[in-house]
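This report introduces a structure to a reader who has not met it before. Please keep the sequence and the 3D view at hand while reading.

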Amino acid sequence: MKDSHHSDLIEFYKILLSDERKKWQNPQLILRQFGDLKGKRLLEVACGPGYFLSHAATLVGPQGFVLGIDSQPLAIEISRERLEAVGFSNYRLVIKDAMETPWHLGTFDFILIANALHDFGDANIVLRNVSESLEPDGKVMIVDWKKTHTKFGPPVEKRLSKKQAEAIMLQAGFSKTSSYERLPYHYLLVWKKNIR
Ligand SMILES: C[S@@+](CC[C@H](N)C(=O)[O-])C[C@H]1O[C@@H](n2cnc3c(N)ncnc32)[C@H](O)[C@@H]1O
């Protein structure tokens with residue numbers, strides 16, 4: 001028998017995949033902040049039910065590759081259904097705790113962490129894995145909730161302010177290359193790793 005946790009997750013994923021979300025977190029607009037994705041390798045850490053992944057698979061095209069990881073098996077199952085339904089073969093999905101180290105997932109041109117940095121028990125461990133998995137000229141994008149009250153989204157006390165997220169990224173050895181300021185509820189920051 002499916003438990004209430006399962007049905008709560010299903011409800012949560014429905015919200016994450018809703019058309020309504022595109023109005024305030026347009027996936028194509030967000031992914032394009034990386035630059036040209038064609039032929040690139042993109043990893044989404046904590047991909048959930050695959051809201052961004054199907055768009056990423058389209059943007060990287062058949063010569064590119066996308067990988068989604070999430071610790072929740074149901075999220076990976078739904079991501080797989082979504083990607084299969086649109087007929088992509090340029091992807092892989094892995095059930096994985098992002099804090100497990102090392103990742104052994106290969107290297108990537110782009111790594112996306114959307115609505116999840118505030119969720120990790122220890123963001124530093126995740127970011128060390130991110131750094132090891134990023135090509136020297138690769139980029140990391142952090143999209144997360146502004147620390148202000150909104151009608152929906154995680155409780156404000158769980159959120160990281162933009163300043164807190166920036167401090168975490170700087171501490172983890174990244175430098176900011178750009179930002180996008182026009183999302184109503186989120187900040188979007190793009191980073192490269194410091195090469196020593
Ligand atoms: C709010 S959802 C965001 C999903 C997706 N990035 C999006 O924006 O639609 C947060 C996701 O982070 C995942 N998550 C939280 N902690 C994690 C961890 N340590 N390792 C992997 N996934 C994690 C959860 O299972 C959940 O799917």
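A residue is called buried here if 20 or more other C-beta atoms lie within 10 Å of its own, and exposed if 12 or fewer do. The model described below is a predicted one.

## A helix in the open

By that cut-off, the number of buried residues among the 13 of helix α1 is 0, so the helix lies largely in the open. Helix α1 covers residues 4-16, and from its first C-alpha to its last it reaches 18 Å, close to the 18 Å expected at 1.5 Å a residue.

## The chain as a whole

The protein chain contains 7 helices and 7 strands, and, read along the sequence, these follow the pattern α-α-α-β-α-β-α-β-β-α-β-α-β-β. The radius of gyration of the protein chain is 16 Å, close to the 16 Å that the globule rule gives for 196 residues, so the chain is as compact as a globular protein of that length.

Along its principal axes, the C-alpha trace of the protein chain spans about 50 × 40 × 30 Å. Of the 196 residues, 38% count as buried. Among the contacts in the protein chain with a separation of 6 or more, 69% are between residues that stand 24 or more positions apart.

## Strands β1 and β2

Strand β2 takes up residues 65-70, and 6 of its 6 residues are buried, so the strand is largely enclosed by the rest of the structure. Both of its faces are covered, with Phe 65, Leu 67 and Ile 69 buried on one side and Val 66, Gly 68 and Asp 70 buried on the other.

Strands β1 and β2 run parallel and are joined by 5 bridges. Within this pairing, Arg 41 has Phe 65 of β2 as its bridge partner, and Phe 65 is also one of the buried residues of β2.

## Strands β5, β6 and β7

Strand β7, residues 186-193, has 6 of its 8 residues buried, so it too is largely enclosed by the rest of the structure. Strand β5 (residues 134-145) runs antiparallel to β7 and is joined to it by 6 bridges, and in this pairing Met 141 has Val 190 of β7 as its bridge partner.

Strand β6 (residues 174-180) also pairs with β7 in the antiparallel sense, over 6 bridges. Here the bridge partner of Ser 179 in β7 is Leu 189, and the link between β6 and β7 is a hairpin through 5 residues.

## The loop between β1 and α4

The loop between β1 (41-45) and α4 (53-60) holds Pro 49, and Ala 46 is found in that loop as well. Pro 49 is buried, with 25 other C-beta atoms within 10 Å, and Ala 46 is buried with 22. The phi angle of Ala 46 is near 60°, a positive value in a residue other than glycine.

Pro 49 and Tyr 13 are 36 residues apart in sequence, yet 6.1 Å apart in space, C-alpha to C-alpha. When residues up to four places away in sequence are not counted, Pro 49 touches Tyr 13, Leu 16, Leu 17, Ala 75, Ile 78 and Ser 79.

## Loops on either side of β4

Pro 102 lies in the loop between β3 (91-95) and β4, and the peptide bond that leads to it from Thr 101 is cis, with omega near -5°.

The loop between β4 (108-114) and α6 (123-133) contains Asp 122, and Asn 115 has its place there too. Asn 115 is buried, with 20 other C-beta atoms within 10 Å, whereas Asp 122 is exposed, with 10. The phi angle of Asn 115 is near 60°, a positive value in a residue other than glycine. Asp 122 and Ala 98 are 24 residues apart in sequence, and the distance between them in space is 9.6 Å, C-alpha to C-alpha.

## Around the ligand

The ligand is surrounded by 17 residues, of which the closest are Ala 46, Gly 48, Ser 71, Gln 72 and Ala 98. By class, this shell has 10 nonpolar, 4 polar and 3 charged residues. Ala 46, listed among the closest residues, is the buried loop residue with 22 other C-beta atoms within 10 Å.

How values were computed:
Residues are numbered from 1 along each chain as its sequence is written. This is a predicted model: local features need pLDDT of at least 70, side-chain atom pairs count only at pLDDT 80 or more; totals for chains, interfaces and linings use all residues. Helices (H or I, at least four residues) and strands (E, at least two) are DSSP runs, numbered from the N terminus. The expected span of a helix is 1.5 Å times one less than its number of residues. Two residues are in contact if their C-beta atoms, placed from the backbone, lie within 7 Å. A residue is near a molecule or strand if its C-beta atom, placed from the backbone, lies within 6 Å of it. Ala, Val, Leu, Ile, Met, Phe, Trp, Tyr, Cys and Pro count as nonpolar, Asp, Glu, Lys and Arg as charged, and the others, Gly among them, as polar. The radius of gyration is taken over C-alpha atoms; the globule rule is 2.2 Å times the number of residues to the power 0.38. Two strands pair if DSSP finds at least two bridges between them.
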